[in-house]
Amino acid sequence: MPETSAERRDEQVAIGEKPGVSSSESTESELRQLEAAISTGNVQEARAVARRLAQRCVKIEATVDRSEALASLRKQLQTRLIGMGYTPARVIQALRKGNAQSVDEAIAWLSSQPEVQSSRVVTPQPAAATAGT
């Protein structure tokens, strides 16, 4: 028995499509959403969109620019760690020397390293200023 438009509309709603939008348009839209989620590092959104596409048996082929992805990851890690109160210099150390690939790894490396004291020199107060008190 051929599928009615009402049945097709119900099927579209059930799998997350917008009724009245063709399957190819919906797929293209979701592929753009998937690409955006991956490029911004939004893992939850990427999984949700990929799951919806997989339920419809959409074949997905992806190419990742590893150097660009790594640079983006490092920038996000730096921003989060600095926002947590770590100094930029310590964050860079964690990423370079500690080879941290996640916030948890960076925090573990930072907490395992002794805090380096500032190397600024304290200048003594003149004797005349302290003698008058």
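Begin by selecting Ala 48, which is found in helix H3 (residues 43-55); helices here are DSSP runs of H or I with at least four residues, strands are E runs of at least two, and both are numbered from the N terminus. The model is predicted, so local features need pLDDT of at least 70 and side-chain atom pairs count only at pLDDT 80 or more, while totals for chains, interfaces and linings use all residues. Residues are numbered from 1 along each chain as its sequence is written, and side-chain values use heavy atoms, with hydrogens and water left out.

Remain at Ala 48. With a relative accessibility of 26%, this residue counts as partly exposed; the classes are buried under 20% relative accessible area, exposed over 50% and partly exposed in between, with a 1.4 Å probe and protein chains only. Add Ala 37 to the selection: its C-alpha atom is separated by 9.9 Å from that of Ala 48, and the two are 11 residues apart along the chain.

Next, display the whole chain. How many helices and strands does the chain have? There are 7 helices and 0 strands, and the order of elements from the N terminus is α-α-α-α-α-α-α. Of the 133 residues, 17% count as buried. A surface representation corresponds to about 10,300 Å² exposed by the chain, of which carbon and sulfur atoms supply 54%; these areas come from the Shrake-Rupley method with a 1.4 Å probe, and for residues only the protein chains shown count as cover. Among contacts in the chain with a separation of 6 or more, 33% come from residues 24 or more positions apart, where contact means heavy atoms within 4.5 Å.

Now select helix H4 (residues 66-83) together with helix H5 (residues 88-96). Their axes come within 10 Å and cross at roughly 135 degrees; axes are lines fitted to C-alpha atoms, for helices over the stretch in contact, and angles run from 0 to 180 degrees between N-to-C directions. H4 is therefore oblique to H5, on a scale where angles under 35 degrees are roughly parallel, over 145 roughly antiparallel, 65 to 115 roughly perpendicular and the rest oblique. H4 passes H5 in a right-handed crossing: the near helix is turned clockwise from the far one by less than a right angle, whereas anticlockwise would be left-handed. Show side chains for Arg 74, Leu 77, Gln 78, Leu 81 and Ile 82 of H4, and for Pro 88, Val 91, Ile 92 and Leu 95 of H5, which make the contact. These residues divide into 7 nonpolar, 1 polar and 1 charged, with Ala, Val, Leu, Ile, Met, Phe, Trp, Tyr, Cys and Pro taken as nonpolar, Asp, Glu, Lys and Arg as charged, and the others, Gly among them, as polar.

Follow the chain onward to Asn 99, in the loop between H5 and helix H6 (103-112). Asn 99 is not a glycine, yet has a positive phi of about 55 degrees. Its relative accessibility of 47% places Asn 99 among the partly exposed residues.

Select H5 and H6 next. Their axes come within 9 Å and cross at roughly 110 degrees, so H5 and H6 are roughly perpendicular to each other. Arg 90, Gln 93 and Ala 94 of H5 make the contact with Ala 106, Trp 109 and Leu 110 of H6. This set comprises 4 nonpolar residues, 1 polar and 1 charged.

Finally, pair H4 with H6. The two axes come within 10 Å and cross at roughly 55 degrees, which makes H4 oblique to H6. The crossing of H4 and H6 is right-handed. Here Leu 77, Arg 80 and Leu 81 in H4 meet Val 103, Ala 106 and Ile 107 in H6, a contact with 5 nonpolar residues, no polar and 1 charged.
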